[in-house]
Amino acid sequence: MKKARRLAGAALLALAAVTVVPAPAEASWRPKPEPATYGQSEAVPASVTMDDGVVLSARVVYPVDPVTGARAPGPFPVLLSQTPYGMAGPDPRAGGAYFVERGYIYVTASVRGTGTSGGQLDWFGRRQGQDGATLVNWAAHALPGSDGAVGLDGCSYLGVDQWYTAAEVGPHSALKAIAPFCTDSQMYQDLATVGGVPTTFIPSISRAFPRGPEDDPLTDPLSVTAGDLTTGGARSYDNAYWHGIDVQEFMPRIVANGVPALSEAGWKDLFPGGNIGAYVAAQNAYFGRPVTAPIAAGERVTGRYQAIVGPWTHGQHVNEDVLSNLRKEWFDTWLKGRPTGMANTAKPLHLFENGGDRWVDTAAWPPSTGTGTYYLGGNGTLTTTRPATEGSDALSAAPTYTTAPLTRDAVLDGPIDVSVQLKSTAPDAYVAVTVNLVSPSGAVTKVSDGGLLASLRELDTRRSWYGAGHTLIQPSHPFTQASRRLLTPGETVRLDIAVLPNLTVLPAGSRLQVVLTAQAPAGFHLQPAPTPQQSANLAAGRSAVSRAPWAPSSVTVPLAAPHSFTTSPITWGPAS
């Protein structure tokens with residue numbers, strides 16, 4: 001084991017080549033921008049009755065002759081977007097003009113409990129998927145001008161709810177493709193909490209939806225979820241409710257229904273790189289592999305499930321020409337049957353390489369299994385050797401650890417595990433981690449972050465990911481009430497903290513930096529808000545990270561050589 005750790009550390013320091021094998025760039029497909037052919041009609045109101053009698057409101061926009069304004073003869077395929085924001089917005093990403101002008105009917109429907117739709121508002125889930133399936137059937141068979149082929153479009157909430165509809169339509173449905181943009185994969189871990197501590201996101205956004213005429217915002221299902229996250233109720237843990245809306249877990253139903261998906265998220269999103277988990281689950285489900293397992297180099301993949309991760313914030317650039325045209329090409333492929341060649345790829349994961357200012361394509365995730373481990377040392381150092389003497393650092397001082405300048409260029413290509421030996425004077429502790437890149441000039445750029453509540457530290461080894469030499473690179477935790485174990489004051493415990501994945505160039509001369517804090521700093525991807533019980537257990541606690549030769553604290557990062565990747569022949573979106 002000692003020899004293996006020395007080799008891993010040496011690999012990190014030397015930035016040696018790892019297992020990704022470069023392949024020739026694929027040149028069979030290029031996006032082909034299409035000029036607008038049609039104008040848009042005024043929005044035509046419609047109503048659709050669900051199987052339980054609830055009536056949803058919708059509006060329909062048709063292609064028209066740009067000169068006369070007369071409705072174009074059609075028929076046309078239909079794109080459906082399901083929104084909780086009401087027909088007039090305020091979400092500026094809910095637009096369909098680009099597609100209507102290029103030969104699609106565009107339908108926007110208010111989800112139940114919002115706008116003028118009936119029923120009670122929920123936070124996604126099977127009921128919303130069943131509503132979506134009914135809307136798809138209506139759009140295919142009852143909507144005037146429809147040619148019977150339907151796709152789903154939209155960003156953020158309008159993107160995430162596509163997964164639920166695709167899971168409920170059944171095989172051989174009229175739903176031919178989806179494009180869930182600005183989406184995540186695991187609702188509990190991506191949005192509801194950070195490391196077991198609820199965030200402010202769902203409670204705050206639940207107040208932003210325009211409630212429908214039949215909704216009671218005090219008792220509707222979304223309010224129950226928001227209340228539990230605020231007070232520490234059942235849904236503040238990863239229970240059956242969250243498993244029921246976990247996209248990865250029901251991905252086999254989407255694949256069995258034969259629905260292709262092109263997803264998108266940003267490295268600076270609410271849930272950075274959040275769609276990668278859905279990409280992995282879809283590829284694995286298609287080939288009968290465990291949905292939560294990594295995709296190893298050489299394993300089979302399909303162009304039916306593709307993902308884009310750009311250098312963007314939430315919703316940025318989505319309705320601009322590049323990303324709109326990529327969605328149009330996707331829909332043209334599956335709804336219009338055009339031989340675009342877009343699905344004929346052996347590298348369906350399209351990633352912007354931060355710092356490299358280029359797009360790269362891959363199939364495996366993480367792309368390499370090569371890792372290296374740095375140990376938290378004295379005087380704020382990160383070294384490839386274990387500390388020689390025992391020491392500790394108080395979290396209240398926000399200890400910062402930095403490597404020596406790197407000797408070669410490398411690419412950080414995946415998730416990060418930060419393993420800390422922690423002791424506290426309180427029954428609980430929270431550790432927030434920020435990973436930075438420090439340039440030779442001293443400029444600090446955030447790479448990623450993550451956090452973990454110590455009482456929810458139990459490791460799920462079946463769902464955790466390991467790199468070369470069985471080195472932990474992506475820890476997974478149950479986050480259940482049953483797995484909760486409070487600290488014994490003064491006892492040292494190990495916490496494996498999952499830091500969100502990234503793809504970042506580490507130039508020679510730069511340094512990696514890890515900052516530990518007792519609460520999430522400003523600029524964290526989401527702000528945790530401990531429940532009253534969590535706050536009571538954290539109160540007045542003094543936590544420290546141990547640095548002992550026999551039980552070191554460390555950070556394990558995935559690394560690839562820059563030549564492991566080739567520049568994509570496709571521009572998958574703006575480079576900033």
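# Reasoning from values to terms

Tutor: P75 lies in the loop between β4 (63–64) and β5. The model is predicted.

Student: What makes the peptide bond that joins G74 and P75 cis?

Tutor: Omega is about 0° for the bond between G74 and P75, and this bond is a cis peptide bond. A further cis peptide bond joins W365 and P366, with omega about -5°. P366 is placed in the loop between β14 and β15 (371–376).

Student: What is there to note about phi of S156?

Tutor: Phi of S156 is near 65°, which is positive, and S156 is a residue other than glycine. S156 sits in the loop between β7 and α4.

Student: Helix α4 also packs against helix α3. Which values describe that packing?

Tutor: Two packed helices are described by an angle between axes and a distance between axes. For α3 (residues 126–141) and α4 (residues 157–168) the angle is about 80° and the axes are 7 Å apart.

Student: Why is α3 called roughly perpendicular to α4?

Tutor: The term roughly perpendicular covers 65 to 115 degrees. The angle of α3 and α4 is about 80°, so α3 is roughly perpendicular to α4.

Student: Which residues make the contact, and of what class are they?

Tutor: From α3 come R126, Q128, G129, Q130, G132, A133 and V136, and from α4 come Y157, D161, Y164, T165 and E168. By class the contact has four nonpolar, five polar and three charged residues.

Student: Turning to the sheets, what makes β18 and β21 edge strands?

Tutor: The open sheet has four strands in the order β18-β25-β20-β21, paired antiparallel. β18 (400–402) and β21 (444–453) each have a single partner strand, so one side of each has no neighbour in the sheet. Neighbouring strands here are turned by 15° against each other on average, with direction ignored.

Student: How do you know that β18 pairs with β25?

Tutor: Pairing needs at least two bridges. Three bridges join β18 to β25 (residues 511–517), and the two run antiparallel, so the condition for a pair is met. T400 has V515 of β25 as its bridge partner.

Student: What is the strand order in the sheet of 10 strands, and which strands are its edges?

Tutor: The order of this open sheet is β2-β3-β6-β5-β7-β8-β11-β12-β13-β14, with mixed pairing. β2 (44–49) and β14 (358–362) pair on one side only and are the edge strands. From one strand to the next the twist averages 20°.

Student: How do you know that β11 and β12 are a pair?

Tutor: Six bridges join β11 (residues 261–266) to β12 (residues 305–310), and these strands run parallel. The threshold is at least two bridges, so β11 and β12 count as paired. A261 has Y305 of β12 as its bridge partner.

Student: What packs on this sheet, and at what angle to β8?

Tutor: Helix α11 (residues 321–335) packs on the sheet and touches β5 (76–83), β7 (146–155), β8 (175–181), β11 and β12. Its direction makes about 160° with that of β8. Angles over 145 count as roughly antiparallel, so α11 is roughly antiparallel to β8.

Student: How many cavities are there, and what volume has the largest?

Tutor: A search of the whole structure finds eight cavities of 30 Å³ or more. The largest has a volume of about 680 Å³.

Student: What makes the one a cavity and the other, the second largest, a pocket?

Tutor: In a cavity a 1.4 Å probe fits but cannot get out, whereas a pocket is an open set. The space of about 680 Å³ is a cavity, so the probe cannot get out of it. The second largest pocket, of about 500 Å³, is open.

Student: Which residues line the largest cavity?

Tutor: The lining has 35 residues, and Q186, Q189, D190, Q474 and L500 lie nearest the centre. Elements giving two or more residues include α5 (187–192), α10 (276–286) and β19 (410–424). The lining divides into 16 nonpolar, 16 polar and three charged residues.

Student: Which element gives the most to the lining of the second largest pocket?

Tutor: β21 does, with five residues. The lining has 24 residues, of which K268, N354, T445, K446 and V447 lie nearest the centre. By class there are 10 nonpolar, nine polar and five charged residues.

Methods. Residues are numbered from 1 along each chain as its sequence is written. This is a predicted model: local features need pLDDT of at least 70, side-chain atom pairs count only at pLDDT 80 or more; totals for chains, interfaces and linings use all residues. Side-chain values use heavy atoms; hydrogens and water are left out. Axes are lines fitted to C-alpha atoms, for helices over the stretch in contact, and angles run from 0 to 180 degrees between N-to-C directions. Angles under 35 degrees count as roughly parallel, over 145 as roughly antiparallel, 65 to 115 as roughly perpendicular and the rest as oblique. Contact means heavy atoms within 4.5 Å. Ala, Val, Leu, Ile, Met, Phe, Trp, Tyr, Cys and Pro count as nonpolar, Asp, Glu, Lys and Arg as charged, and the others, Gly among them, as polar. On a 1 Å grid over the protein atoms alone, a cavity is a set of points where a 1.4 Å probe fits but cannot get out, and a pocket is an open set with protein on both sides within 12 Å along at least five of seven lines; lining residues have an atom within 4 Å of a point. Grid points are joined across faces, edges and corners, and a volume is the space filled by probe spheres set on the points.
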